[in-house]
Amino acid sequence: MGHRISVTINGTVHEAEVESRLLLVHFLREVLGLTGTHIGCDTTNCGACTVLLQGRAVKSCTVLAVQADGREVMTVEGLARNGQLHPVQEGFFEKHGLQCGFCTPGMMMSAYALLQQNPNPSEGEIRWGISGNLCRCTGYVNIVEAVKYAAEKMRATPAAAELERS
Amino acid sequence: MIPDRFEYVAPSSVAEAVGLLQRYGAEAKVLAGGHSLIPLMKLRLASPRYLVDINRIRGLAQLQEDDGTLGVGALTRHADLETSELIRSRYPLLADAARVIADPLVRNMGTLAGSLAHADPAGDWGAAMLAVRAQVVATGPRRDRTIPIDEFFVDTFTTTLGPDEIVSEIRVPKPSPRSGGAYLKVERKVGDFAIAAVGTYVVLDEKGACRQVGIGLCNVGATSLRAKRAEETLRGRVPDEKAIADAARAASEECDPASDLRGPAEYKRDLVRVLIGRALRRAVQRAKGGA
Amino acid sequence: MVISHALGARIKRREDPRLITGRAIYVDDLNFAGMVHVAIVRSPHAHATIRSIDTTAARRAPGVVAVWTGEDVKARCGPLPVGPRIKEMKAPKRFPLVIDGVVRHVGDPVAAVVATTMDAARDASDLVEVDYEPLPSVQDPEAALEPGAPILHQDLGTNVCFRMTYGGGNVEEAFAGADVVVKTRIVQQRLIPAAMETRGVVAQYKGGELTVWTSTQIPHVVKTTLAETVRLPEHEIHVIAPEVGGGFGSKLDVYGEEGLVAALALALGRPVKWIESRRENFIATIHGRGQIDYVELAAHHDGTVAGLRVRAIADLGAYSQLLTPGVPTNTGLMCCGCYRIPNAHAEVIGVFTNRTPTDAYRGAGRPEATFLIERAMDLLAAELKMDPVEVRRKNFIPPAAFPYKTPTGAVYDSGNYERALDKALERADYRALRDEQAKLRKQGRYLGIGIATYVEITGLGAVAGLSGGNWESATVRVEPTGKVTVLTGTSPHGQGEETTFAQIVSDRLGVPVEDVVVLHGDTRAVPHGVGTFGSRTTPVGGSAVYVAAEKVKDKAVQIAAHLLEAAPADISTDGARFTVRGSPERSVEFKDVARMAYKAYKLPAGMEPGLDVTHFFVPKERVFPFGTHLCVVEVDPDTGEVTFRRYIAVDDCGNILNPLLVAGQIHGGIVQGLAQAIYEGVTYDDEGQLLTGTFAEYVVPQATDVPAFELDHTVTPSPHNPLGAKGVGEAGTIGATPAVVNAILDALAPFGVKDLQMPITPRRVWEALEGNSASR
């Protein structure tokens with residue numbers, strides 16, 4: 001049975017008719033063509049599909065598209081604004097926080113959510129904050145460095161960075 | 001991995017939700033956090049015909065103290081408990097438990113109420129709630145019913161909740177003076193289901209003896225377990241090393257673990273012994289004002 | 001070689017901008033009009049005969065376009081490659097779906113359902129009815145060798161795929177004359193490579209050309225193979241490895257699904273897509289390791305090793321894939337490690353079992369070799385009550401002995417093993433660690449210090465079955481405006497060669513790194529190549545780029561000399577400009593030389609136009625990175641939990657082209673090696689059902705489960721390639737597993753625990769201590 005839904009994604013309202021069983025990740029990828037969000041498992045373990053739903057980082061493979069009706073979603077495509085990288089993206093770039101890149105969008109969304117809650121996380125808090133995301137390439141060392149970089153950068157220019165990007 | 005087809009309904013009140021459950025009976029499943037249910041549906045190990053999404057019901061996400069209890073709403077997420085200052089400062093057992101459940105992403109969706117209703121013996125909340133003597137508020141077609149946690153779990157994935165009832169709230173007794181709790185878990189990696197985990201709660205009297213003891217065990221039986229004999233062993237005694245060791249031994253004897261990939265039953269029993277010892281020491285320390 | 005400003009610099013990756021913005025295109029991101037989707041029906045049995053397959057209901061299901069079984073495949077597909085060819089090897093043919101009516105492991109593909117949506121394909125796949133008659137299965141490779149064991153491939157008449165021996169000297173005599181002999185049996189558990197992107201294939205036949213997008217490490221090999229498998233001329237096949245989300249060896253194969261999806265695209269005339277689910281990835285993509293090693297080490301009282309005897313039984317799984325036998329044979333070749341062992345003998349037996357096939361996984365035979373010798377050295381140290389460091393020192397191949405030929409036949413190019421060991425010990429403050437360990441033991445706390453000194457082999461590729469030998473291709477093309485396009489036959493998928501290869505060209509030609517683009521993974525764009533695996537991309541592929549760039553430079557100098565009316569020998573260059581020595585006013589810019597190379601009206605006599613060189617680089621020999629890993633753990637004897645305290649890695653991969661990327665490779669490598677030591681391991685039940693079939697049960701570590709690492713290097717350039725580079729993709733994995741296991745066993749030494757089976761999970765520690773409870 002179809003459901004008419006309206007979801008705000010990266011600031012843009014999208015309306016669509018969807019089946020009940022359609023997962024949010026498939027809505028993003030197949031219906032809207034936002035393929036930056038990846039699928040890495042079937043069992044809610046890997047976090048490759050992480051997006052923000054109402055500001056909270058969630059695994060979009062374990063949320064139904066209909067559950068997002070009327071809500072706000074942010075994906076990796078929403079991190080950079082006006083061609084300017086978000087400090088989290090910059091951190092991953094500067095610190096070699098990625099190799100194959102497949103886990104990276106989800107990892108960055110978790111990092112983004114963590115820094116919203118905790119602008120000055122310790123190494124342990126960073127590792128804890130990204131523990132829902134598997135990476136098979138980096139050994140996590142440089143991901144931690146990337147998040148530290150982003151935290152510093154965001155603390156240095158919080159308002160300015162946001163203003164410029166908006 | 002795609003779930004089988006189902007019909008999705010999103011009621012806007014508990015009464016409406018209960019009405020839907022009455023109509024659809026066993027063919028319906030309640031969707032709260034969905035982080036146990038949706039994975040099962042994706043693997044087609046569960047294929048409900050109707051999904052009753054309660055996430056659009058207002059007023060179910062509370063986390064506050066009143067009337068001598070802490071009320072935890074049906075839509076209060078693990079992360080809400082993990083980050084709550086109230087929980088951190090007054091409910092150390094809950095705070096310990098909240099941060100070892102799955103991972104941060106799952107904790108952003110999963111709920112305490114849903115976890116109890118799912119009744120997986122590997123769920124951390126069952127053991128924690130047994131230790132603190134929580135009560136489950138079930139809302140059904142008639143008036144609300146309050147189920148002591150001891151009467152809630154029947155078997156693996158089975159509770160005393162009726163097919164037309166929804167867990168609308170969990171009520172946890174407010175901490176008494178000179179009380180302390182702790183939750184400890186041994187896992188293969190952070191966020192994994194426990195090899196074994198334990199929750200301990202103690203209230204000391206003026207002389208430092210245990211006036212009240214609560215001990216819950218995770219993943220060492222068909223359901224979350226209360227370690228009754230261990231509690232009795234300790235009640236009324238000053239929790240010195242001997243008393244704690246006696247309680248730990250009792251708990252390891254009364255649990256009923258199964259051998260699986262995580263380890264043989266004997267190992268889990270021994271882990272219960274070790275963890276109870278450590279968790280009781282920590283709970284007592286906290287009851288005496290330590291961290 | 002001169003390390004310039006570009007080569008050896010910490011340059012950020014050119015790959016990253018597309019990856020961090022979500023713009024990169026992986027196979028699953030491709031969608032074409034009219035595309036149909038494939039779901040594969042797989043065997044639920046480890047061994048069974050297929051009585052019948054009824055596809056009637058599936059064919060009638062909504063959206064279904066086709067249902068194929070082995071019969072359809074038989075009519076349309078040739079076999080897939082099985083290699084490499086080892087003497088007297090017996091291996092069955094393999095096809096995209098089972099065609100002989102017997103399934104041989106859980107996950108063996110039986111039928112394919114094609115539908116207009118992936119949901120419809122998934123739904124209809126449940127409707128394919130397969131009637132199986134279960135057969136007795138064999139799970140354990142040693143059991144598979146027993147007389148009367150179920151035979152997987154009746155036509156072969158045996159479960160033994162091959163037997164190989166390596167060795168030299170006189171092992172019998174060495175053991176007879178030795179003072180001590182230590183023995184161990186090691187189970188190298190199976191591992192699941194678990195690249196974060198599962199496999200996936202999209203194929204489209206259009207305008208007389210078959211285009212196949214596949215998540216692979218070897219697009220060129222896939223192209224050549226598909227020509228035979230789908231019976232199309234090779235020049236009508238175009239294979240693209242788009243963005244690939246990790247491989248670790250698991251995409252170093254030509255899989256049935258690549259043939260199947262291509263054949264379906266040809267037959268249906270529509271674009272066809274198959275994306276592997278994670279569940280399938282665990283049962284239908286190769287596993288790694290899977291070896292049982294019997295090891296005996298003979299030595300004298302002073303710690304000098306006299307001889308080594310190894311019997312390695314490799315669990316190949318149900319079929320030989322592209323390189324399966326090439327993995328355990330590496331173990332035979334490399335089992336002497338860093339040590340001068342005059343007498344060694346290794347027998348390697350490859351055995352079929354009713355399990356998912358094994359093949360190359362990060363390290364591919366070298367982790368097994370390093371583990372067995374490094375464990376044996378620790379056992380010897382314990383037996384002789386010597387420090388593990390001293391036993392190693394005593395037996396190292398000295399720097400003056402290189403090139404050094406081991407009795408098993410490997411010729412090590414260069415090395416200084418003691419230097420790497422010393423650096424690690426110094427950094428760790430080894431003496432202080434031993435003191436701390438002694439102090440903590442008195443308090444009932446158990447610190448363990450583990451050392452592994454490894455040497456490994458890279459630059460592999462000289463194997464039949466692949467499309468050629470140990471070579472790699474590169475084109476360096478200077479465009480008429482002076483910008484540079486590099487084409488490489490390697491197929492990086494995270495290693496970062498779009499950056500390092502640009503650095504090489506920048507170094508050689510003097511152009512800025514930003515002016516160089518590196519293309520790979522598209523068989524229509526780049527010359528035929530081999531691929532990315534075995535830590536070969538930089539030493540072999542990078543050397544091809546280096547030589548091609550040198551040739552470009554020579555030609556550019558000749559053109560410049562001609563334009564400046566000077567002799568080539570008199571031309572100097574800083575990259576941007578060519579100048580006649582001693583006459584700074586006589587100069588020409590690089591971009592003008594490039595333009596003139598294509599304008600071609602003023603070239604030296606007889607010179608071809610253009611500034612575009614393709615080079616096929618053939619290394620003289622293989623190269624041997626080495627190093628020392630030192631791990632410090634604390635073990636909780638009550639719960640069995642292991643906590644990492646420190647991890648120090650000193651690796652020598654020859655010259656370092658980009659330290660940022662080298663560190664990344666080592667970090668990731670260590671985590672995979674460490675994971676084998678304590679977290680990961682495939683478990684099957686007696687019926688051949690995979691019990692660790694999801695990420696919930698197969699324990700891949702998260703950020704919270706691993707420590708940070710302290711890295712350092714020594715640099716011993718390889719003489720075998722112009723870069724002096726040795727490759728670093730697998731070193732971390734090879735060093736880590738024995739370092740961690742040695743550390744845990746060092747911690748448990750007071751309990752008399754000598755050996756533990758990997759993964760050393762809390763339960764295994766507890767069980768070992770329980771067995772020694774008298775000592776507690």
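Begin with the empty spaces: the structure holds 5 cavities of 30 Å³ or more. This is a predicted model, in which local features need pLDDT of at least 70 and side-chain atom pairs count only at pLDDT 80 or more, while totals for chains, interfaces and linings use all residues. Residues are numbered from 1 along each chain as its sequence is written, chains are lettered from A in the order in which they are written, and side-chain values use heavy atoms, without hydrogens and water.

A cavity here is a set of points, on a 1 Å grid over the protein atoms alone, where a 1.4 Å probe fits but cannot get out; lining residues have an atom within 4 Å of a point. Grid points are joined across faces, edges and corners, and a volume is the space filled by probe spheres set on the points.

**Stop 1: the largest cavity**

Select C:E15, C:E243, C:P492, C:H493 and C:G494, which of the 15 lining residues are the closest to the centre of the largest cavity. The space inside is about 90 Å³. Helix 1 (16-20) and helix 15 (497-509) of chain C each give two or more residues to the lining; helices (H or I, at least four residues) and strands (E, at least two) are DSSP runs, numbered from the N terminus. The lining has 4 nonpolar, 5 polar and 6 charged residues. In this division Ala, Val, Leu, Ile, Met, Phe, Trp, Tyr, Cys and Pro are nonpolar, Asp, Glu, Lys and Arg are charged, and the others, Gly among them, are polar.

**Stop 2: the second largest cavity**

Next, select residues of chain C including C:R289, C:D315, C:T324 and C:E368, which help line the second largest cavity. Its volume is about 60 Å³. The lining divides into 4 nonpolar, 4 polar and 4 charged residues.

**Stop 3: where chain C meets chain B**

Show both chains: 27 residues of chain C are in contact (heavy atoms within 4.5 Å) with 21 residues of chain B. Between them about 2,200 Å² is buried, 54% of it from carbon and sulfur atoms. Buried area is the accessible area (1.4 Å probe) that two parts lose on being put together, summed over both.

Which three residues supply 26% of the area that chain C buries against chain B? They are C:R122, C:R763 and C:W766.

The interface has 7 salt bridges, each a side-chain nitrogen of Lys or Arg within 4 Å of a carboxyl oxygen of Asp or Glu. Select C:D123 and B:R5 for a salt bridge whose closest N and O atoms are 3.6 Å apart.

Definitions and conventions: 1 Å grid on protein atoms, 1.4 Å probe; cavity = no way out; pocket = protein on both sides within 12 Å on 5 of 7 lines; lining within 4 Å.
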